[in-house]
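This report follows a few connected features of the structure shown below, moving from a single residue to its sheet, and then to the cysteines and some backbone details.

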Amino acid sequence: MKKSIFLLLTLCLVGASPVNSQGLLKKVTGSMKDELLGRKPKEPEPACACNDAELVVGLGGKLQIDYKEADISTMDDGSLLMKDKLSGKYFIVKDGVTTGPLSEGDKRLAGFDDTENKNDPGAVIMMHHSKYISKSGEKYIINFGGKQYGPFAQIYSFVMPKSGDKFAAQVVENILMTEAEGKKMENAVKNAKTDQEKMDLSMQYSQQMLQKQLDGGGVSGTTPKIVSNIPGVPEESYTVMIGMINANAKYDDIVAVKFMDVNDLTGKTLLKLKLEDGSAQNLFINTANTKYAIYSYGTITISDGTTYTDLFNPHLMKIGSQVYLAYMYYSPKKNSMMQCKIPW
C-alpha cells in the first residue's frame, strides 16, 4: 500500500514538472525506475556463462521457441532435438543447421526415438548400429573390422568412441527363456486344471531351462560378458568382474565403471571415484586420469570441488591436441543456446 502511494506521488511530481522529471528518475533505484517506465528487469545470465561462449543456435527466426517451453535431448553425434511443448513440433539442430518444424512420426526423428522394441534392447541397438549388428535367426551377430563376433542371444549395450576404430559390447550368449517362451509357459500354467498339473508343468519347464543352460555352456553361457576388439581384453571378460562399459566418459576411449573403480577393459584401474559418485550415470574423466566430473540435474561437479550450474548437454570434444569438457546453456541476453569449453 505504501509503495503504491509512493509511486502515485512520484508520477504526479513527474507530470507536474517535466523539466525535473529526468533528474528525479535518475535518483530512484534501478528496479523502481523499471517499474515506473513499465520495463521488466532483464533475466540475468546463468552462473555457468563464460566470456568466450560460442553460439550453438538462436531461438528467434525460424525456431521461435520459448526456452522454458522446450524439451531438449541430445545424440552421440552432437545434434540436438528440440520439442516445442506448446505446438508439439520438433526441430533438429546439427552443425549450426536447423531442420524443422517436424511432426511426430517423421522419419528424421527415428534416431532419437527408442520407444520401439523397448522390450528388446538388442533390436534398439541394432537399429542404431545396423552397419555392425545383424540378426541370424533368433540371435545377433557383430561384424567389426573384418571379424565376426557371436552369435549372441542378447546385446545389452554396444559402444564406440569418436574415432570409430574400436568397440565394446555387453552380451549374453544364451538366455534360459525367451519372452515368447515365457508367455507360453505362463498360459500353460494358468490353464492347468489341477494343482498337480500346475506342479508338473513347472517341473517340466524347470528341467527344460536347466538343459538349455547345460547345452549353452553352463552358467558362463548365460552370464553377461564383454566382447571387444581392443587388444588385451580377455575372451571371458564378465561384466560383473570388469564393470559397465562407457564410451562417453573419456575422450576417444572405452572404460568400464565398477562401483568406485574406473577400469580399462583389461581390468586395470585408471581412477577411483568418491563413494557418493560411485553410482553416477554421467561421468567425465580427464585425459591424465587425475580428476573427473559428474553431471546431474543441470550441474557439473568436478572432483576438485568446482561446480557449474544451470547448464545441459555436457560432452567431451577435441580441438587440435586439446581435449575439452564442453557444455551448453541458455542465454537470456541473446535468446540463444551457447557453448562453453573447459580444458580437460
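Lys318 is placed in strand β20 of what is a predicted model. With a relative accessibility of 42%, Lys318 counts as partly exposed, because the range from 20% to 50% lies between buried and exposed. Leaving aside residues up to four places away in sequence, Lys318 touches Tyr251 and Val323. Val323 is also the bridge partner of Lys318 in β21, and β20 and strand β21 (residues 322–331) pair in the antiparallel sense over 6 bridges. The C-alpha atoms of Lys318 and Pro343 are 9.5 Å apart in space, while the two residues are 25 apart in sequence.

**The sheet around β20**

The strands β1, β22, β21 and β20 form, in that order, an open sheet of 4 strands with antiparallel pairing. Its edges are β1 (54–58) and β20 (312–319), each of which pairs on one side only. On average, and with direction ignored, neighbouring strands of this sheet are turned by 30° against each other. Strands of a sheet are held in such pairs through backbone hydrogen bonds, in either a parallel or an antiparallel arrangement.

**Cysteines at the sheet**

How many disulfides does a search of the whole structure find? The search finds 1 disulfide, formed by Cys50 and Cys340, whose sulfur atoms are 2.0 Å apart. Cys50 lies in the loop between α3 (30–36) and β1, whereas Cys340 lies in strand β22 (residues 336–343), so the pair ties together parts that are 290 residues apart in sequence. The torsion about the S-S bond of Cys50 and Cys340 is about -105°, and the disulfide is therefore left-handed. Cys48 has its closest cysteine sulfur in Cys340, but at 6.2 Å this is too far for a bond. The table sets out the accessibility of these three cysteines.

| Cysteine | Relative accessible area | Class |
|---|---|---|
| Cys50 | 22% | partly exposed |
| Cys340 | 2% | buried |
| Cys48 | 1% | buried |

**A second strand pair**

Strand β10 (residues 168–172) and β11 also pair in the antiparallel sense, over 4 bridges, and the bridge partner of Ala169 in β11 is Val227. In a regular strand, side chains alternate between the two faces of the sheet. Strand β11 (residues 225–228) is covered on both faces, with Lys225 and Val227 buried on one side and Ile226 and Ser228 buried on the other.

**Backbone details**

Most residues other than glycine have a negative phi, and most peptide bonds are trans. Against that background, the backbone at three places deserves a look. The peptide bond from Gly150 to Pro151 is cis, with omega near 5°, and Pro151 belongs to strand β8 (residues 147–152). Asp310, in the loop between β19 (307–308) and β20, has a positive phi, near 60°, and is partly exposed at a relative accessible area of 49%. Asn313 likewise has a positive phi, near 50°, but lies in strand β20. Is Asn313 buried or partly exposed? At 12% relative accessibility Asn313 counts as buried, because this value falls under 20%.

Notes:
Residues are numbered from 1 along each chain as its sequence is written. This is a predicted model: local features need pLDDT of at least 70, side-chain atom pairs count only at pLDDT 80 or more; totals for chains, interfaces and linings use all residues. Side-chain values use heavy atoms; hydrogens and water are left out. Two strands pair if DSSP finds at least two bridges between them. Helices (H or I, at least four residues) and strands (E, at least two) are DSSP runs, numbered from the N terminus. Axes are lines fitted to C-alpha atoms, for helices over the stretch in contact, and angles run from 0 to 180 degrees between N-to-C directions. Buried means under 20% relative accessible area, exposed over 50%, partly exposed in between (1.4 Å probe, protein chains only). A disulfide is a pair of cysteine sulfur atoms within 2.5 Å. Contact means heavy atoms within 4.5 Å.
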